[in-house]
Amino acid sequence: MAQYARGAAAVAVIRLRNPPVNALSLTVLQALEDGLKKADADPSVKAVMICGENGKFSAGTDGFTRSHHWVTSRC
Ligand SMILES: C/C=C(\C)C(=O)SCCNC(=O)CCNC(=O)[C@H](O)C(C)(C)COP(=O)(O)OP(=O)(O)OC[C@H]1O[C@@H](n2cnc3c(N)ncnc32)[C@H](O)[C@@H]1OP(=O)(O)O
């Protein structure tokens, strides 16, 4: 998942949370989109910081999700 929070001043923070490497699963991407929509809807937010939990940003696309997409798109 990805957790949305208001940081200091006008900054919103979206923290990627998908151990061990914060891979971008469909769930994480959906939560990321939700967080960005929340930030966009709040006129007091001037900047969005996206970070990852446990000292890592993200390994990129989730390996399983990526394979699954390829399989389903070729059927
Ligand atoms: C278009 C293309 C887009 C949008 C892309 O994002 S392409 C990029 C896709 N990402 C990758 O190819 C990254 C592949 N992973 C790595 O290079 C490394 O795993 C790492 C540098 C991110 C971390 O290296 P390291 O600290 O040595 O740890 P491990 O390699 O042992 O991995 C730890 C566990 O994480 C799992 N893992 C790693 N990457 C992914 C991923 N992309 N999706 C899902 N899971 C991932 C890895 O399998 C290990 O799991 P366990 O074996 O511990 O269960």
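**Reading a small sheet and its helices**

Reader: Leaving aside its neighbours within four places in sequence, which residues is Ile 14 in contact with?

Author: In this predicted model, Ile 14 is in contact with Ala 2, Tyr 4, Leu 32, Gly 35, Val 48 and Ile 50, once the neighbours within four places in sequence are left aside. One of these, Ile 50, is also the bridge partner of Ile 14 in strand E3.

Reader: Before going further with that residue, what pattern does the chain follow when read along the sequence?

Author: The usual way in is to list the elements and then their order. Two helices and three strands make up the secondary structure of the chain, and along the sequence they appear as β-β-α-β-α. Contacts can then be sorted by separation: among those in the chain with a separation of 6 or more, 68% are between residues 24 or more positions apart.

Reader: In what order do the three strands stand in the sheet, and what is the pairing?

Author: The order is E1-E2-E3, in an open sheet with mixed pairing. Strand E1 (2-6) and strand E3 (47-52) stand at the edges with a single partner strand each, and therefore one side of each has no neighbour in the sheet. Direction ignored, neighbouring strands here are turned by 20° against each other on average.

Reader: How many bridges does E1 share with E2, and in which sense do they pair, parallel or antiparallel?

Author: Five bridges hold E1 and E2 in the antiparallel sense, and Gln 3 is one residue to look at, since it can be found opposite Arg 15 in E2. The two strands form a hairpin with four residues between them, and Ala 9 in the turn has a positive phi of about 50°. On the other side, E2 (residues 11-16) is joined to E3 by six bridges, and those two strands run parallel. There Val 11 stands opposite Ala 47 in E3.

Reader: Which side chains along E2 point to one face and are buried, and which point to the other?

Author: The thing to look for is alternation. Ala 12, Ile 14 and Leu 16 point to one face and are buried, whereas Val 11, Val 13 and Arg 15 point to the other face and are not buried. In soluble globular proteins, nonpolar side chains tend to be buried together. Here the largest nonpolar core has six residues, namely Ala 2, Ala 12, Ile 14, Leu 16, Ala 31 and Ala 39. E2 and H1 are the elements that give two or more residues to this core, and the largest share, three residues, comes from E2. Over the chain of 75 residues, 12% count as buried.

Reader: Which strands does helix H1 touch where it packs on the sheet?

Author: Helix H1 (residues 26-41) touches E1, E2 and E3, and its direction makes about 20° with that of E1. Leu 36 has its place in this helix, and it counts as partly exposed because it has 16 C-beta neighbours inside 10 Å.

Reader: How should backbone angles be read, and what is omega for the bond that joins Pro 19 and Pro 20?

Author: Most residues other than glycine have a negative phi, and most peptide bonds are trans. The bond between Pro 19 and Pro 20 is cis, with omega about 5°, and Pro 20 is found in the loop between E2 and H1. Asn 22 is found in that loop too, between E2 and H1, and its phi is positive, near 55°.

Reader: Asn 54 also has a positive phi; where does Asn 54 lie?

Author: Asn 54 lies in the loop between E3 and helix H2 (63-73), and its phi is about 60°. The surroundings can be read by counting neighbours. Asn 22 counts as buried because it has 22 C-beta neighbours inside 10 Å, whereas Asn 54 counts as exposed because it has 10.

Reader: Finally, which residues surround the ligand?

Author: A shell is best read first by name and then by class. By name, the ligand is surrounded by Pro 20, Val 21, Ala 23, Ala 59, Gly 60, Thr 61, Asp 62 and Gly 63. By class, the shell divides into four nonpolar, three polar and one charged residue. Pro 20, which is part of this shell, is also the residue joined to Pro 19 by the cis peptide bond.

Note on methods. Residues numbered from 1 in each chain as written. Predicted model: local features only at pLDDT ≥ 70, side-chain atom pairs only at ≥ 80, totals over all residues. Buried ≥ 20, exposed ≤ 12 C-beta atoms within 10 Å, placed from the backbone. Contact = placed C-beta atoms within 7 Å. Near = placed C-beta within 6 Å. Nonpolar A, V, L, I, M, F, W, Y, C, P; charged D, E, K, R; others polar. Pairing = 2+ DSSP bridges. Axes fitted to C-alpha atoms, helices over the stretch in contact; angles between N-to-C directions. Core = buried A, V, L, I, M, F, W, Y, C linked by C-beta atoms within 7 Å.
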